[in-house]
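Here is a short, friendly briefing to read alongside the model. Have the viewer open and follow the topics in any order you like.

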Amino acid sequence: MAMTRTNKELLEDWFAGQARTDIAAMQDMLAEDVVWHVPGRNLLSRDYHGKAEVFGFFARARELSGGTVRIEPIEILAGDEHAVALVRVHAEREGRKLDGELQAFTFRIEGGRIAEFWFLVEDRYAVDAFWS
């Protein structure tokens, strides 16, 4: 099936799928050999390879936060091969909060699917403290 949506539309669909926890739709938007880079020094920090590991990352983030992680997209900037989504991240964990932490989610897009992802965060130390 040919993908005709733009890279901006792909990310809009990605965030909509995340918001409704539509795993099937999200899996369809990822390349088979996707790489998900999670920086920092915390319980989630490492590179995740392939769809199974990436969805393992999402499951662990849900588990650690008691299901409170919420991504609020602000703006999506997309080109032919890359896109950046400015977002605010909300989550609660063990009495701590990420309350609108500004992040730039950076994507490499190949063949109409997300092939690689990087988190770029406003306050690396706050994010590490939250997920540690």
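In which helix is the place of Glu9? Glu9 sits in helix H1, and at 35% relative accessibility it counts as partly exposed. Please keep in mind that this is a predicted model. The points below cover the pocket, a helix, the salt bridges, a surface patch, some contacts across the sequence and two backbone angles.

**The largest pocket**

- The largest pocket holds about 600 Å³ of space.
- Its lining counts 31 residues, and the closest to the pocket centre are Gln18, Phe58, Ala61, Val69 and Ile71.
- At least two lining residues come from each of these elements: helix H1 (7-19), H2, strand S1 (30-38), H3, strand S3 (70-78), S5, S6 and helix H4 (124-131).
- As background, rolling a probe the size of a water molecule over the atoms shows where empty space is left.

**Helix H3**

- Helix H3 covers residues 50-65, which is 16 residues.
- At 1.5 Å a residue, H3 should span 22 Å, and its end C-alpha atoms are 23 Å apart, so the expected and modelled values agree.
- The buried residues of H3 are Gly50, Lys51, Val54, Phe55, Phe57, Phe58, Ala61, Leu64 and Ser65.
- Two of these buried residues, Phe58 and Ala61, are also among the residues closest to the centre of the largest pocket.
- An α-helix has 3.6 residues a turn, so residues three or four places apart point the same way.
- Gly66, just after H3, takes a positive phi of about 60°.

**Salt bridges**

- Twelve salt bridges turn up in a search of the whole structure.
- In general, side chains of opposite charge can pair when their charged atoms come close.
- Arg5 pairs with Asp13, and their closest N and O atoms are 2.8 Å apart. Arg5 is partly exposed, with a relative accessible area of 24%, and Asp13 is partly exposed at 31%.
- Arg113 forms a salt bridge with Asp28, with 3.0 Å between the closest N and O atoms. Arg113 belongs to strand S6 (residues 113-121) and Asp28 to helix H2 (residues 23-28), so this pair ties together parts that are 85 residues apart in sequence.
- Both partners of that bridge have a listed accessibility: Arg113 is partly exposed at 25%, and Asp28 is partly exposed at 37%.
- Glu94 forms a salt bridge with Arg96, where the closest N and O atoms are 3.4 Å apart. Salt bridges that share partners join Arg93, Glu94 and Arg96 into one network.
- Within this network, Glu94 is exposed at 63% relative accessibility, while Arg96 is partly exposed at 30%.

**A nonpolar surface patch**

- Which residues form a nonpolar patch on the surface? They are Ile74, Leu86 and Leu102, and together they have about 220 Å² of accessible area.
- Leu102 is found in strand S5 (residues 96-110) and counts as partly exposed, with 31% relative accessibility.

**Contacts across the sequence**

- Glu9, the H1 residue from the opening question, is 100 residues from Ile109 along the chain, and their C-alpha atoms are separated by 12 Å.
- Arg70 lies in strand S3 and is partly exposed at 45% relative accessibility.
- Arg70 and Gly100 are 30 residues apart in sequence, and the C-alpha to C-alpha separation is 9.4 Å.

**Positive phi outside glycine**

- Thr21 is not a glycine, yet its phi is positive, at about 50°. Thr21 lies in the loop between H1 and H2 and is partly exposed, with a relative accessible area of 45%.
- Glu94 is a residue other than glycine with a positive phi, near 50°. Its place is in the loop between strand S4 (82-93) and S5.
- To bring the Glu94 points together: Glu94 is exposed, sits in the loop between S4 and S5, and belongs to the salt-bridge network with Arg93 and Arg96.

Note on methods: Residues are numbered from 1 along each chain as its sequence is written. This is a predicted model: local features need pLDDT of at least 70, side-chain atom pairs count only at pLDDT 80 or more; totals for chains, interfaces and linings use all residues. Side-chain values use heavy atoms; hydrogens and water are left out. A salt bridge is a side-chain nitrogen of Lys or Arg within 4 Å of a carboxyl oxygen of Asp or Glu. Buried means under 20% relative accessible area, exposed over 50%, partly exposed in between (1.4 Å probe, protein chains only). Helices (H or I, at least four residues) and strands (E, at least two) are DSSP runs, numbered from the N terminus. Patches are made of residues with over 30% relative accessible area and no salt bridge: like charges are joined within 9 Å, nonpolar side chains (Val, Leu, Ile, Met, Phe, Trp, Tyr) within 5 Å. Accessible areas come from the Shrake-Rupley method with a 1.4 Å probe; for residues, only the protein chains shown count as cover. The expected span of a helix is 1.5 Å times one less than its number of residues. On a 1 Å grid over the protein atoms alone, a cavity is a set of points where a 1.4 Å probe fits but cannot get out, and a pocket is an open set with protein on both sides within 12 Å along at least five of seven lines; lining residues have an atom within 4 Å of a point. Grid points are joined across faces, edges and corners, and a volume is the space filled by probe spheres set on the points.
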